[in-house]
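Me: I would like a close look at one part of this structure, the charged side chains and how they pair. Please take me through it step by step, then turn to the surface.

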Amino acid sequence: MSESVAHALFYAGALYGFLSIIGKDQVNGFYAWIVWGFIAYTIAQVTGAVWCFVGWGNTFNWSARHLGSATIWTFYAASLHLKFIPGWGKRSAAFALAGALLVFIISYSSYLREMSLLRVGG
Amino acid sequence: MIRRIWNILGDIKVSFALLMAASATLFTGSLYAGDHYSLFNELNHLRIQDWVADHITLQPERVWWIPLLFIIMGCLGANIFMFACNRVAALVRQRKLDPNIRFFHLLTPSLIHFLFLVIILGHLMTFTLDRWQTTPIKQQSRVECGEERQVLRVQSVRDTFFPENSAMRDNIFQTRVTLKNEEGKEIALQFTKPVFIDGHYLFLDKKKEQKKKTWKQNLEKTSKMMKTATRPISI
């Protein structure tokens, strides 16, 4: 559930980022959405790692799904650091948009793959 | 000179570049892992150095991104350590000017950075030190686990099913495997309930065996497997 909430917050962040780019919203209005999305996503990663351990004995699984989740986490971790780089703060709206595109591509490709893959072990 | 190098390597721009590089590498890896499921699934039960040594010469075009990912994450770990140390040192220097609440508020991001370092070091140790063994189990069979070949005897394998009025009827709800060690101590093993004994984690898993497959039918039977992880450290 935490991951779904995070996805929703990332999409909302992208929407406000888009409004910020076209000048219809305050410059950093999207930032709070991204921060809360990142917190929710981090909670999802940690609880997922605990579940992965009790189920399969690993805290990380070398599968497309887990690597995709790590891709999203590191991308947003990088985006959050942009605010603290002088002169780059304004570009973070574009990163919010790119992040939402990444979330869409990775999550939907995972769902499609999981629908067709023979699942072994749980 | 050393201080200058330390400050450059601990710069936030380097953190940003390394995080983006890690993201790009992980994304590339997710594409390879999606296309070659069996190849990368082996990595979940082998030490990373053994797996990479086996595959880097045979199929470098598929596994090149794993050493690159470890290099990037290593650099990121060093960068975060330097950045967090610089930040904590600056906060401690100006502590007299800040009230306690503000000091601890400002300290929180650095604590999160140190926590992240602990997590990636934990992952590194798990990837490089864990040893795995998967053993099929049947009633009254004998299982040897670990390098010291500790003997366990399977006393019983009992499945419980979902209730008859449930949409999931005829599906296994839980399996309880009772093991007995050489001292006669009973160990109960169930799905999602690992047991830690004598430095080993025991997990109950199942493996689907494809029995018959036609364009209409896809019948499968499952067999129980026990996985043993020897874990010098627990994360």
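Reply: What follows looks at the salt bridges, then at the surface patches. Keep in mind that this is a predicted model.

Start with the general idea. Side chains of opposite charge can pair when their charged atoms come close. How many salt bridges does the structure hold over all chains? The count is three.

Take chain A to begin with. Here A:Arg65 and A:Glu3 join their side chains in a salt bridge, with 3.2 Å from N to O. A:Arg65 sits in helix 3 (residues 64–81) of chain A, while A:Glu3 sits in helix 1 (residues 2–21) of chain A, so the pair ties together parts that are 62 residues apart in sequence. Are these two partners buried or exposed? Look at each in turn. A:Arg65 has a relative accessible area of 22%, so this residue is partly exposed. A:Glu3 has 19% relative accessibility and counts as buried. The cut-off matters here: buried means under 20%.

Now move to chain B. The side chains of B:Asp50 and B:Arg47 form a salt bridge, at 3.0 Å from N to O. B:Asp50 is partly exposed, with a relative accessible area of 30%. B:Arg47 counts as buried, because its relative accessibility is 19%.

Chain B also holds the pair of B:Arg142 and B:Glu144. Their closest N and O atoms are 3.2 Å apart in a salt bridge. B:Glu144 has a relative accessible area of 28%, which makes this residue partly exposed.

Next, the charges in a surface patch. Patch residues have no salt bridge. Which residues form the negative surface patch? They are B:Glu148, B:Glu182, B:Glu183 and B:Asp198. Pick out B:Glu183. This residue lies in a loop of chain B, between strand 4 (172–181) and strand 5 (186–190). B:Glu183 counts as exposed, because its relative accessibility is 67%. Exposed means over 50%.

Finally, a patch of another kind. On chain A, a nonpolar surface patch is formed by A:Tyr11, A:Leu101, A:Phe104, A:Ile105, A:Tyr108 and A:Tyr111. Together they have about 580 Å² of accessible area. Which helix gives the most to this nonpolar patch? Helix 4 (residues 92–116) of chain A does, with five residues. One residue in helix 4 of chain A is A:Tyr111. At 34% relative accessibility, A:Tyr111 is partly exposed.

How values were computed
Residues numbered from 1 in each chain as written. Chains lettered and ligands numbered in written order. Predicted model: local features only at pLDDT ≥ 70, side-chain atom pairs only at ≥ 80, totals over all residues. Heavy atoms only, no water. Patch = residues over 30% accessible without salt bridge, like charges linked within 9 Å, V, L, I, M, F, W, Y side chains within 5 Å. Areas by Shrake-Rupley, 256 points an atom, 1.4 Å probe, with all protein chains shown as cover. Salt bridge = Lys/Arg side-chain N within 4 Å of Asp/Glu carboxyl O. Lys, Arg positive; Asp, Glu negative; His and termini not counted. Charge placed at Lys NZ, Arg CZ, Asp CG, Glu CD. Helix = DSSP H or I, 4+ residues; strand = E, 2+ residues; numbered from the N terminus. Buried < 20%, exposed > 50% of the residue type's maximum accessible area, 1.4 Å probe, protein only.
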